[in-house]
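Please open the model in your viewer and keep the sequence panel beside it. The tour below moves from the whole chain to one helix and then to a bound ligand.

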Amino acid sequence: MKSILVTGGTGYIGSHTVLQLLEADYKVVILDNFSNSSDESLKRVQEITGKKADLYEGDIRDTALLNKVFSEHKIDGVIHFAGLKAVGESVEKPLMYYENNLYGTLNLCKAMQANDVNNIVFSSSATVYGDPTELPLHENLPTGSPTNPYGQSKLMVELMLADLYKANNKWNIVLLRYFNPAGAHPSGLIGEDPNGIPNNLMPFITQVATGKREYLSVFGDDYDTVDGTGVRDYIHVDDLANGHLKALAKLEDKAGLVTYNLGTGQGYSVLEMVTMFEQVSGQKVPYKITPRRGGDVAACYADPKLAAQALGWTAEKGLKEMCEDSWRWQSNNPNGYKA
Ligand code: NAD
Ligand code: WQD
């Protein structure tokens, strides 16, 4: 498996994965509509690696473009990151989410089928477990009911891909359920660049630390957790990216349909995150306790054993590196990729 189409390859997780693919000498073709990114991340990836990827600007819902990409390159497998991911926005604009995430994936799979490409790695999410009935979360637990259209779209794609495999075992499908990505490449050249007010904890903390935001709202301190604040399994984006290279190796072994958690197995509370960030950055992160955010769960962390056994993958970087690398990225690029 040498030639990989990466949809959404200029986004946060995509850019870190493309970097590792190039370093490992894969031939990389990217398709991205820049709805949440730009080509600046790719320029930086090429600067770091000294290697080039082919970039198509366009949409996974565009069948003619997909056919063009597949006819211009002999693609062995697809890593499918492209999609929308803002939970709150998905509640307000559900059709936009189903169209991008569900229909977009359906369209991609149709084009893959038409071009005899049967290998796909899909970006799923721990959100498919819904409100955890037991912890840590392992892959054999039944999927739950995600509380928002974003999460539902991820679950629906998982179900669609499972049906596709059932109908034709020629497909090789790896579903990767990410926990909470954080951190950035240690160069400080690429990282997460959210539009507007960040929804996620780590980018919010880094923007408070640079003075761009006044304080962090901690959404509830009355959960049944170590200090009452929400607990999550934060995973370094480079570890996550590496999970995709391991998943490609699995596709070569004729994976069938397989599902893996990509998490560390270790949960940290919001206040533990703040404390670690303050320690490594030397910056104060003022915060206020505010009411719980709708749809949040108390705690969510992975059982990562299956990925270790089946892929030979484990997360290597800890919370300290996630905070250090996020801070380096944010302080070197206070406006993200915008000059
Ligand atoms: P991101 O927004 O940085 O990257 C997504 C990329 O896809 C962007 O570059 C965007 O421009 C592109 N894109 C969106 N819709 C497209 C379309 N219709 N056609 C072509 N390109 C399109 O997000 P990310 O954090 O890198 O996430 C990547 C994937 O991982 C997403 O599918 C996301 O749902 C999933 N995921 C993310 C997280 C997280 O917390 N970041 C957690 C679990 C799963
Ligand atoms: C983490 C913790 C918050 C912001 C979401 C999506 C999930 C996946 C990852 C894409 C929680 C608390 C946060 C803030 C806070 N996305 N928090 N103040 O909610 O676990 O997961 O992103 O696939 O589908 O739901 O991540 O970073 O938003 O929150 O107190 O300003 O930080 O309550 O406990 P979450 P998060």
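What follows is a series of selections, each with a note on what is there.

**The whole protein.** Bear in mind from the start that this is a predicted model. Show the protein as a cartoon and colour it by secondary structure, which comes to eleven helices and 14 strands. If you then reduce the view to the C-alpha trace and turn it along its principal axes, the spans are about 55 × 45 × 40 Å. The radius of gyration is 19 Å, which agrees with a compact globule, because a globule of 339 residues would have a value near 20 Å.

Now switch on the surface, where the protein exposes about 14400 Å², with carbon and sulfur atoms supplying 49% of that area. Beneath the surface, 55% of the 339 residues count as buried. If you display contacts between residues with a separation of 6 or more, 80% of them come from residues 24 or more positions apart.

**Helix H2.** Select residues 40-49, which form helix H2, and show the side chains of Ser41, Leu42, Arg44, Val45, Gln46 and Thr49, which are buried. What covers the buried residues of this helix? To see part of the answer, add helix H1 (12-23), strand S2 (27-32), strand S3 (54-57) and helix H11 (319-332), which are included in that cover. Before leaving, step to Gly50, just after H2, where the backbone takes a positive phi of about 70 degrees.

**Ligand 2 and its shell.** Centre the view on ligand 2 and select the 18 residues around the ligand, of which Tyr150, Leu201, Ser217, Arg232 and Asp296 come nearest. Coloured by class, this shell shows eight nonpolar, seven polar and three charged residues. Which strand gives the most to the shell? Select residues 216-219, strand S8, which contributes four residues.

**Polar contacts of ligand 2.** Keep the ligand in view and check three distances in turn, beginning with Ser217, where a backbone N or O atom lies 2.7 Å from a nitrogen atom of ligand 2. At Phe219, a polar backbone atom is 2.9 Å from an oxygen atom of the ligand. Move next to Asp296, where the side chain places a polar atom 2.6 Å from an oxygen atom of ligand 2. Finally, turn the protein surface back on around the ligand: of the 690 Å² of accessible area that ligand 2 has on its own, the protein covers 87%.

How values were computed
Residues are numbered from 1 along each chain as its sequence is written. Chains are lettered from A and ligands numbered from 1 in the order in which they are written. Side-chain values use heavy atoms; hydrogens and water are left out. A residue is near a molecule or strand if one of its heavy atoms lies within 4 Å of it. A polar contact is a pair of N or O atoms within 3.5 Å; within protein, one must be able to donate a hydrogen and the other to accept it, and residues adjacent in sequence count only if both atoms are side-chain atoms. Accessible areas come from the Shrake-Rupley method with a 1.4 Å probe; for residues, only the protein chains shown count as cover. Helices (H or I, at least four residues) and strands (E, at least two) are DSSP runs, numbered from the N terminus. Ala, Val, Leu, Ile, Met, Phe, Trp, Tyr, Cys and Pro count as nonpolar, Asp, Glu, Lys and Arg as charged, and the others, Gly among them, as polar. The radius of gyration is taken over C-alpha atoms; the globule rule is 2.2 Å times the number of residues to the power 0.38. Buried means under 20% relative accessible area, exposed over 50%, partly exposed in between (1.4 Å probe, protein chains only). Contact means heavy atoms within 4.5 Å.
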